[in-house]
Amino acid sequence: DLDKEVSKDISINYHDIFLIDKNNYIAKTNIQVRSLRADSLIDELIEAMTIDGKYQDKIPNGFRGVLPSDAKLLSKKIDNNIVILNFNSNLFDVSNELEEKELEAIIYTITSIEKIDTVKIQIEGKELTKLPKSGKLLPSELKREYGINKIYNIDSIKDVTKVIIYYTNKNNNDDIYYVPVTKYINSKDDKIKIIIDELTGKFSLNYNTKLLDYSLNENEIDLNFNEYLFDNTENKKVLEEVIYSISYSVKDNYDIDVINFFVNNEKIKY
């Protein structure tokens with residue numbers, strides 16, 4: 001499962017967490033956790049996201065927490081696919097710039113837990129209806145559709161498409177990680193075409209890579225590329241970061257579980 005990364009030693013668990021990187025983007029990385037049970041995992045992830053929290057030593061080099069040090073999770077409730085998080089009043093003791101980033105990090109981190117897709121936030125038992133500094137109104141149910149690292153590149157109110165793209169970057173140890181960006185653009189193209197065009201040349205994909213065709217069937221998508229998807233055409237190897245950046249992007253834009261990669265109509269293993 002691309003969304004849950006577990007080490008080869010089955011006694012050690014790793015889980016996704018969204019933290020601030022060196023460029024002030026909310027980025028996807030992972031930390032070692034004690035349990036994958038949703039209730040204890042929520043506590044551990046929130047603590048790890050907290051500045052000067054007790055799990056700071058688990059945070060990878062080049063990342064930092066986003067929740068203020070005096071923020072506390074007072075209670076939580078898991079109701080099917082929804083998690084209700086009740087924080088103290090210090091949750092948004094951050095700068096104006098960080099206010100929305102903090103919310104995005106919470107949404108994306110908690111919805112990375114298996115079977116959870118919705119977050120509701122309370123402050124001292126009262127529903128959070130708007131961001132306290134900007135006054136931005138919030139939906140009562142927060143999902144990934146809320147967006148992350150938002151970029152508005154539109155010059156018309158017609159044909160506005162919202163697409164989430166996971167770009168690659170490297171941390172201080174030269175390890176690759178992924179930065180999701182919600183882009184608002186003027187386009188009539190299918191989202192999969194926008195994703196591949198955006199990743200081609202500048203980021204994960206070879207400049208000559210082409211998506212020849214694709215098919216969507218219930219919870220599966222087949223992506224058929226030309227041979228430039230391969231990093232090396234002799235051994236027919238696809239770079240891990242190519243698979244991940246495409247897969248993360250596709251899964252955040254389409255309601256699917258399975259992504260099949262093809263090169264010139266031949267299915268590839270990765």
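This is a short tour of a predicted model, moving from one helix to a sheet and then to some aromatic rings.

Begin by selecting residues 38-49, which form helix 1, a stretch of 12 residues that reaches 16 Å from its first C-alpha to its last, close to the 16 Å expected at 1.5 Å a residue. Within helix 1, the residues L41, I42, E44, L45, I46, A48 and M49 are buried, and the elements covering these buried residues include strand 1 (13-20), strand 2 (26-33), strand 3 (73-79), strand 4 (82-87) and helix 2 (96-110).

Next, select the open sheet of 4 strands, whose order is 10-11-12-13 and whose pairing is mixed. Strand 10 (211-217) and strand 13 (266-267) stand at the edges with a single partner strand each, so one side of each has no neighbour in the sheet. Strand 10 and strand 11 (residues 220-225) run antiparallel and are joined by 6 bridges, and L216 can be found opposite I221 in strand 11. Add helix 4 (residues 240-253), which lies across strand 11 and strand 12 (258-263) and runs at about 135° to strand 12.

Now turn to the aromatic residues, where the structure holds 8 aromatic pairs. The rings of Y152 and Y184 are stacked, because their centres are 4.5 Å apart and their planes at 10°; Y152 lies in strand 7 (residues 151-153) and Y184 in strand 9 (residues 176-186), 32 residues apart. Y152 is exposed, at 53% relative accessibility, whereas Y184 is buried, at 14%.

Finish at Y244 and Y248, a tilted pair with 5.4 Å centre to centre and 40° between the planes. Both are buried, and they form one aromatic cluster with Y166 and Y178, while K28 lies over the face of Y248, at 4.3 Å from the ring centre.

Terms used: Residues are numbered from 1 along each chain as its sequence is written. This is a predicted model: local features need pLDDT of at least 70, side-chain atom pairs count only at pLDDT 80 or more; totals for chains, interfaces and linings use all residues. Side-chain values use heavy atoms; hydrogens and water are left out. Two strands pair if DSSP finds at least two bridges between them. Helices (H or I, at least four residues) and strands (E, at least two) are DSSP runs, numbered from the N terminus. Contact means heavy atoms within 4.5 Å. Axes are lines fitted to C-alpha atoms, for helices over the stretch in contact, and angles run from 0 to 180 degrees between N-to-C directions. The expected span of a helix is 1.5 Å times one less than its number of residues. Buried means under 20% relative accessible area, exposed over 50%, partly exposed in between (1.4 Å probe, protein chains only). Rings of Phe, Tyr and Trp (its six-membered ring) pair if their centres lie within 6.5 Å; planes under 30 degrees apart count as stacked, over 60 as edge-to-face and the rest as tilted. A charge sits over a ring if NZ of Lys or CZ of Arg is within 6 Å of the ring centre and within 35 degrees of the ring normal.
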